[in-house]
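Q: Could you take me through the salt bridges in this protein, step by step? I would like to see which residues take part and where they sit.

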Amino acid sequence: MPLYYLLDFLVTVTEIFSLCALISCFLKKPRFHKCISLAAPAVITFFAAFIATHFSSMGALKIFLVMGLAFLTMLCCYRDSVVSILVALEVWFISLIILPERVILVLTSWLWNGNISIDINGTAMLKWEIYVYNILVRLLIMVCVYKLLKNFKYKIQISDLIVLTIDFLLVLTMFFVSLYSFLNLGTIVLHILDIATMTLSFVFMMHFLYSKNMFHLREQERIDKMQIESLHQQHSYYRDKLKTEEKIRSIYHDMKNHLIVIDGYASQHNDKKIHEYIHNISEDLSLTNAVDSGSHIVSALIAEKEDKAKLQNI
């Protein structure tokens, strides 16, 4: 029996350690010091699970106690949105709690022809090998999930959360029925329920990855639109600048002729004609100054705003 207490303790430790890994992936705005905000949900969840397992008769009902305390402590320790906290909690519970247990139970039941439990002092217990396999598989999945999500920066949409939560509740219901039958009633339900739970867990993960990829595609589309708009503005700026330069070259070409005419009037001492001529050509010399801020994008934006201001007589 002490062996089973030790194995159960190690299982709980891996569950809490995996919770820390998921929190570090999803939640980026701690209210307190980073270590305190990360450790508080883990410590409270660990003691809640340990006490509910060994010092109460809650059985499968401890799931709701553990998840509720985990959610509340994460909400208290992080300023991230409720959506982010819920997604972190759901992904943790599905991928690192339910999935490893169901995979191991289905495989060992198949390999051992359903003989997966033993009687110890009148209590039905799973074989110790199942606890060991569970720990190893959970650690393996945790490493994979952490590598996949360690740079998670996507904002899950409400619509995506609704779909994920529906999947989560279906998986949780099946898992609870199976666990309640074993812990509270001392019986093992049909393994088809475990298979269904495992399948729905995979469906949940597929929906989550789909939501993540869709957000990435939407974000990439937004960036592409901004880049295209920037290129359009730069093109407009260079086009206007080219027109201005062509106009300046035309004026330089005409300037010599203007100077010759003015020189002719000056040689005749005809000041009136000089003033009239200068007045007539001054309108042709009114050019829009080319904006050059040193940055093509900024110059394009300034030129665009300047054109709009002229259209509105500002």
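A: Here is a walk through the salt bridges, with a short look at the surroundings first.

This is a predicted model, in which local features need pLDDT of at least 70 and side-chain atom pairs count only at pLDDT 80 or more, while totals for chains, interfaces and linings use all residues. Residues are numbered from 1 along each chain as its sequence is written, and side-chain values use heavy atoms, with hydrogens and water left out.

Let's start with the overall layout. The protein has nine helices and two strands; helices (H or I, at least four residues) and strands (E, at least two) are DSSP runs, numbered from the N terminus. Along the sequence, their order is α-α-α-α-β-β-α-α-α-α-α. Of the 314 residues, 37% are buried, where buried means under 20% relative accessible area, exposed over 50%, and partly exposed in between (1.4 Å probe, protein chains only).

Now to your salt bridges. The structure holds three of them, each being a side-chain nitrogen of Lys or Arg within 4 Å of a carboxyl oxygen of Asp or Glu.

One of them joins the side chains of glutamate 15 and arginine 138, at 3.7 Å from N to O. This pair connects distant parts of the chain, since glutamate 15 belongs to helix H1 and arginine 138 to helix H5 (residues 128–149), 123 residues apart. Glutamate 15 and arginine 138 are buried.

Arginine 138 also forms a salt bridge with glutamate 101, and here the closest N and O atoms are 3.8 Å apart. Again distant parts of the chain are linked: glutamate 101 lies in helix H4, arginine 138 in helix H5, and 37 residues separate them. Glutamate 101, like arginine 138, is buried.

Glutamate 101 has another salt bridge, with arginine 102, where the side chains meet at 3.6 Å from N to O. Arginine 102 is buried, and so is glutamate 101.

Put the pieces together and you get a network of salt bridges that links Glu15, Glu101, Arg102 and Arg138.

For contrast, stay with helix H1 (residues 2–26), which also gives five residues to a nonpolar patch, the largest share. One of the helix H1 residues is valine 13, which counts as partly exposed because its relative accessibility is 32%. So helix H1 holds glutamate 15, from the salt bridge with arginine 138, as well as valine 13.
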